[in-house]
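Me: I have a model on screen and want to talk through its core, a helix and a strand. Can we take them in turn?

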Amino acid sequence: MSEALKGHVLVVDDDPALLKVLGALLTQAGLTPHPASNAKDALALLARRPIDVVLSDVRMPGMSGMELLAEVGRGWPDVPVLLMTAHGTVPLAVEAMKAGAADFVLKPFDREELLFTLKKALLHASQDPEPTRGTGKAPDGLDSLLMGASRAMKDVKALLVKAAQGTATVLLRGESGTGKELAARALHENSPRRAGPFVKLHCAALPDTLLESELFGYEKGAFTGAATRKPGRVELAHGGTLFLDEIGDVSPAVQVKLLRVLQEREFERLGGTQTVKVDVRFVAATHQSLEDGVRRGTFREDLFYRLNVVPLWLPTLRERPEDITALARHFLDVHAKSNGRPPFTLSEDGLRALQTQPWPGNVRQLQNFLERLVVLSDGPMLTGEDVARELSRQPGLAPPPIAAPLPPSPSDSVTLESRRKDVEKEALVDALKRSGDNRTLAARLLGVSRRTLYNKLEEHGLL
């Protein structure tokens, strides 16, 4: 692999010799390895420092790699996990993907293929996407998506139930944070394919070359690093559902190949000549206007019509303000339990304060806001004053009044950049103080990934 990689990789294996070999290989590639001989040590290391990717063996004494995957998913959902196995069959890959693995590597591994796989995982992580680690079952947030008595949500639920029973491609539309992935999972879990895999691919996170290999897989020797045949996401989703998130970001070159899969349910792996036939139900999502893309010539019209067989629009929170009460109570219960806090209730003025907000980030933003309230409030009753205090700290919601600026003095040399750094450092210190120096919680409070938090702490000398 020509370009140097950057990032911290937690390597977990009970073989000391392999840990040493992997450490040297990753260091040579520009990565920083952190070895752990068992899953327990790996979890302790994750709690202490920033990790970009976990690379773990599947079969280890004590907690297995699959069990470690589940623990990482619960505690660090934004950290991708790669599994190493000498038994790398497609069924195992399907189980790993259903459990939330980002990818898998076959042992004995090829250096270039391992680095290629790590590069894909690092690119995904650098996008700071919404955590999407799955368990093969609908996540807890699914109830919140379907919750509400508004006309808008009744219409969504009715369409979901009807669409789930068929095999037609569904195109989910709506703003960010409206629950498009949850809707995709609802379609899968309520369909005859529920026993099959639910596989997701975030199309915006990868450049063309990597996206194509992720979709269709590759044959041995297809490119430098392709040491063995590797199934792609389309193949892994056989018998189940493939969710293509942010489909509007796919390039015209990849659109052509996607069109064929949608039409014929067949494709060739990269570097291969054998046609692979699949039985896959496709669900795509976008927050963009694909119609505008068609008019501009950046999105194929024939692909648009193939995707838009069953269009389903997810309403914004602004369109369903009457659902905020039920959503708020649900999220308070969920986050109180997950954070080990007693039950919380909202006063009438607290509910009114929530209902008057625009929530540009929709349900996701409301959920994150209420988790902050649970963590930072004494409770058990959350008042309008509690809500207002947190709202004042959230950009785009209820910013505090801006004081009139002082007239500059001749000696005043404060630049915009230095002021930005001061404010940023103050926000970091405040988040660490409010979270009791819990870095994961501090990242949540600031609305950034753990990786971004550690980069900022290092930049400001706070690490």
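**Core, helix and strand**

Me: Which residues of helix α14 are buried?
Reply: This is a predicted model. Helix α14 covers residues 324–338. Buried here means under 20% relative accessible area. The buried residues are I324, T325, L327, A328, H330, F331, L332, H335 and A336.

Me: How far does α14 reach from its first C-alpha to its last?
Reply: The helix has 15 residues. At 1.5 Å a residue, 21 Å is expected, and the model comes close to that. The reach is 21 Å.

Me: Which residue with a positive phi follows α14?
Reply: Its phi is near 65°. The residue is G340.

Me: Which residues lie on each face of strand β7?
Reply: In a regular strand, side chains alternate between the two faces of the sheet. Both faces of β7 are covered. One side carries F198, K200 and H202; the other carries V199 and L201.

Me: In β8, what is the bridge partner of F198?
Reply: β7 pairs with β8 (residues 241–245) in the parallel sense, over five bridges. F198 has its partner in β8. That partner is T241.

Me: Which helix gives the most to the largest nonpolar core?
Reply: This core holds 41 residues. L215, V234, L242, L244 and I247 touch the most other members. L244 has contacts that include L201, L258 and F282. The helix giving the most, with five residues, is α11.

Me: How many residues are in the other core, the one with M147?
Reply: This core lies apart from the largest one. Its members include M147, L317, F344 and L346. The count is 23 residues.

Notes
Residues are numbered from 1 along each chain as its sequence is written. This is a predicted model: local features need pLDDT of at least 70, side-chain atom pairs count only at pLDDT 80 or more; totals for chains, interfaces and linings use all residues. Side-chain values use heavy atoms; hydrogens and water are left out. A nonpolar core is a set of buried Ala, Val, Leu, Ile, Met, Phe, Trp, Tyr and Cys residues joined through side-chain atoms within 4.5 Å. Buried means under 20% relative accessible area, exposed over 50%, partly exposed in between (1.4 Å probe, protein chains only). Helices (H or I, at least four residues) and strands (E, at least two) are DSSP runs, numbered from the N terminus. Contact means heavy atoms within 4.5 Å. The expected span of a helix is 1.5 Å times one less than its number of residues. Two strands pair if DSSP finds at least two bridges between them. Lists of a residue's contacts leave out its neighbours within four places in sequence.
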